[in-house]
Every structure is written in structure tokens, then in C-alpha cells.
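Me: I'm new to reading protein models, and the labels puzzle me. Could you go through a few of them with me?

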Amino acid sequence: MEGSENDGNVTLIAKWKTEFSRKFQYFLDRSTPHTMERWLGTLAVAMIYVLRVYYVQGFYVISYGLGIYVLNLLIGFLSPKVDPELEALDGASLPTKGSDEFKPFIRRLPEFKFWYAITKAFVVAFVLTFFSMLDVPVFWPILLCYWIFLFFLTMKRQILHMIKYKYVPFDIGKQRYTNKKSASSSGTPRN
């Protein structure tokens, strides 16, 4: 009798897990087109984490690790999926003249995955602040200075890479062209 009771509990837990995963995936799918709202939610989660760290005056090593992880994600977000340096060795390269084939910029880490990873990182870091054994005493200004040094060094290298291979990782929107003559002055009726 005990064996069937345990099997029933395991089945119930598996059913609950499957239902939760399905609902969570539905939420993620519905949030995909709402970029601004997703990032505002992540900003709120980040602010809650910062307030927690400020309130307890600790967990600076967790914050440093979070900062390094976010920096790593940012590099993936700003980098092309195919590195032009490695592509040049293979014979294929980015277009350099107007007559060359256009190749769109494809990120190594897409925006949605970037957002999801950052949000998960802040939630995990927030949960870790409730475990006092992880509050390692450190002199936080040194960690902050070292992180700033790493940030500028890494961003300098990334920006030089962008300049060298002439790519911009940001979508500015659709380019609009204007005619010299407007449609109303050409005599054609507008509907």
C-alpha cells in the first residue's frame, strides 16, 4: 500500500511541475513582444535587489559575481553570432563595398535570452542574500574598482572590434527615405 501511495505522490508532483512549466512558458511567450514592459520589470527586480543589499549592508561578493555575469551577458548581446575575425580566416567576410552582399547583424545572445538571463540572475542573487553563510566580509570598494576596470577594458575591446569590422549591434529602426516631390504636388490623387 505504501508503494502505491508514494507513486501517487510522485505522479502528483510531476503533474504539478508539468502544469507550472506550461503556465510559465505561456507567460514567457506572451511577454515576448512587450520589450519595454519586460525591461521595466527587470529594472524593478534589480532595484529590489539593490535595496536588499543596501539594507543588509553585505553580500558584496554576490553582487560582484552578479556584475561579472551581467558583463559577460552584455558582451554576448553586443557580439555578432559569427565572429568576423574567424570568418576572415575561412575566406568569407563582412561586406566592405556597396556591391557586396548585405549580411544583417545577428547577435550571439538574442535580446529575449539576454533579458531572461539577467532577470533570472537578479532573482537568484536576491534569494542568495537570505543565506548568511554567503555574506563573506570583504572591502567592497576594491571589488567595485576592479569591476569598473574590467567593464571599461572589456567595453574598449568590444568597441574597437565594432569599429574594425564596421557593425552596429543596435537596431535604430527602419530607414526612411523622403522624395524631393511630395505626392500632392505631382497631381496624383491620394486615397
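Reply: Happy to! The expected span of a helix is 1.5 Å times one less than its number of residues. Keep in mind that this is a predicted model. Helix H5 (residues 111-128) has 18 residues and spans 26 Å from first C-alpha to last, close to the expected 26 Å.

Me: What makes Arg 38 and Glu 111 a salt bridge?

Reply: The cut-off is a side-chain nitrogen within 4 Å of a carboxyl oxygen. The closest N and O atoms of Arg 38 and Glu 111 are 3.0 Å apart, so the pair qualifies. Arg 38 sits in helix H2 (residues 35-56) and Glu 111 in helix H5, 73 residues apart, so the pair links distant parts of the chain.

Me: Why is Arg 38 called buried?

Reply: Buried means under 20% relative accessible area. Arg 38 has 5%, so the word fits. Glu 111, at 23%, counts as partly exposed.

Me: How do you know that Arg 22 is exposed?

Reply: Exposed means over 50%, and Arg 22 has a relative accessible area of 52%, so that label applies. Its salt-bridge partner, Glu 19, is partly exposed at 34%.

Me: Why are H3 and H6 called roughly parallel?

Reply: Angles under 35 degrees count as roughly parallel. The axes of helix H3 (residues 60-78) and helix H6 (residues 140-165) cross at roughly 5°, so the two helices are roughly parallel to each other. Their contact has 16 nonpolar, three polar and no charged residues.

Terms used. Residues numbered from 1 in each chain as written. Predicted model: local features only at pLDDT ≥ 70, side-chain atom pairs only at ≥ 80, totals over all residues. Heavy atoms only, no water. Helix = DSSP H or I, 4+ residues; strand = E, 2+ residues; numbered from the N terminus. Axes fitted to C-alpha atoms, helices over the stretch in contact; angles between N-to-C directions. Parallel < 35°, antiparallel > 145°, perpendicular 65-115°, else oblique. Nonpolar A, V, L, I, M, F, W, Y, C, P; charged D, E, K, R; others polar. Buried < 20%, exposed > 50% of the residue type's maximum accessible area, 1.4 Å probe, protein only.
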